[in-house]
Structure formats: structure tokens, C-alpha cells
Amino acid sequence: MTVSVEAAKRLEEIEERDGILRPAAVAADAEDLDSPLHDYFEWDDGKAATSWRLEQARDLIRKVRLVVTTETVSIKAPAYVKDPALSPGQSGYTPVIKLRKNEDAARLAIVAEFARVRDALSRARALAVALSLQGEIDGLLERVMHLRRHFDERPNGPFQ
């Protein structure tokens, strides 16, 4: 969803007034029917509560960790990841342990993870450019894209 110019200006006004932009101040301003922020919020309490509980469920699922121990190292990894068989608009998680048994699904999960890393680095790069601090971010972003292509192009899976 694109933020309107009026909404962006109101956020700037709140930040200038308070010295910092806090979600509580934004939500309070949005309660006013005339606020340009009002339409960005769900005001039906039933729908908002359901949406919040779904977000809490996603957060809970993301926090579960799987401990993988090899002969030399023990790591904590997510126990669940977005199911790579689902389309981008669908929501659902699959156990990582199950992906270990399906090389194609495992490869898709890794490709999706690199896409999230790429998106986070792109956001960091945009911020760094805005602050004139981009330095090594371009190189890191290119290495992530290379890894993503590497896994995406391997027809026999990443484990060959």
C-alpha cells in the first residue's frame, strides 16, 4: 500500500511536534475521522482483534527454534518457515525437519529466505544511500543475489 502525500506529511508533523515518531501517537492521531491517517487503520474492533491475534500467532511460530547438532557445531534455526509450496499471497508454515526430506522444497525455502535477505538489504541500502553511508552494502547485496541465483538455478537441489 502506498502512503499518500497527506499521510506522509501528517507523520512528519507528528514527528516534528513530539521530537520522535511513536506508533501510539500515530494511532491516536488516526482516531480522528478527519486525519489523513484514519483510513490506514482497521477500526472494526472484531477485525482488528482477529488481525492482531494472527500477527501474534505468526510471531509465536517465528520464535520456535530447532536445534541442529552436527559433529562440530550446534546451531539454533527456525523450526518453521513459510511453506515454499504456497503462493506469495497465501500464509502457512512448514516444519524445517520436513524440508530436510524434500530437496526441491528445501531449495525453494532457501531461495525464499535469500529473497527476504535481499529485500532487507535493499531497504538498508536505500537508507544508507539517503544517509550517504552505502559503503559495502552494494557488494553484500550482490553476493546475496549470487547465492540466491546459485540455489535457484540448481535443478537437482542444493545438496548435490
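The following dialogue examines how several terms apply to this predicted model.

Student: Why is the pair of Phe41 and Trp43 called tilted?

Tutor: Planes under 30 degrees apart would count as stacked and those over 60 as edge-to-face. The planes of Phe41 and Trp43 stand at 35°, so the pair is tilted. Their ring centres are 5.7 Å apart, and a pair requires centres within 6.5 Å. A search of the whole structure finds one aromatic pair.

Student: What makes Phe41 and Trp43 buried, exposed or partly exposed?

Tutor: Buried means under 20% relative accessible area and exposed means over 50%. Phe41, at 33%, counts as partly exposed, and Trp43, at 35%, is also partly exposed.

Student: How do you know that Arg10 forms a salt bridge with Glu13?

Tutor: The criterion is a side-chain nitrogen of Lys or Arg within 4 Å of a carboxyl oxygen of Asp or Glu. The closest N and O atoms of Arg10 and Glu13 are 3.4 Å apart, and therefore the pair meets that criterion. Arg10 and Glu13 are three residues apart in helix 1, which means a separation of about one helical turn.

Student: Why is the contact of Arg10 with Asp29 called a salt bridge, and which parts of the chain does the pair link?

Tutor: The N to O distance is 2.9 Å, and the limit is 4 Å, so the term applies. This pair links distant parts of the chain, with Arg10 in helix 1 and Asp29 in helix 2 (residues 23-30), 19 residues apart. Arg10, Glu13 and Asp29 are thereby linked in a network of salt bridges.

Student: Why is Asp29 called buried or exposed?

Tutor: Asp29 has 16% relative accessibility; the limit for buried is under 20%, so Asp29 counts as buried. Its partner Arg10, at 22%, counts as partly exposed, as does Glu13 at 38%.

Student: What makes Asp59 and Lys63 a salt bridge, and where do they lie?

Tutor: Their closest N and O atoms are 3.0 Å apart, which is within 4 Å, so the pair qualifies. Both residues lie in helix 3 (residues 45-63), four residues apart, about one turn of the helix. Asp59 is partly exposed at 31%, whereas Lys63 is exposed at 57%.

Student: Why is Leu127 called buried or exposed?

Tutor: Leu127 has 53% relative accessibility; exposed means over 50%, so Leu127 counts as exposed. Leu127 lies in helix 5 (residues 103-130) and forms a nonpolar surface patch with Leu131 and Leu133. Together these three residues have about 330 Å² of accessible area.

Technical notes
Residues numbered from 1 in each chain as written. Predicted model: local features only at pLDDT ≥ 70, side-chain atom pairs only at ≥ 80, totals over all residues. Heavy atoms only, no water. Phe/Tyr/Trp six-rings, centres within 6.5 Å; stacked < 30°, edge-to-face > 60°. Buried < 20%, exposed > 50% of the residue type's maximum accessible area, 1.4 Å probe, protein only. Patch = residues over 30% accessible without salt bridge, like charges linked within 9 Å, V, L, I, M, F, W, Y side chains within 5 Å. Areas by Shrake-Rupley, 256 points an atom, 1.4 Å probe, with all protein chains shown as cover. Helix = DSSP H or I, 4+ residues; strand = E, 2+ residues; numbered from the N terminus.
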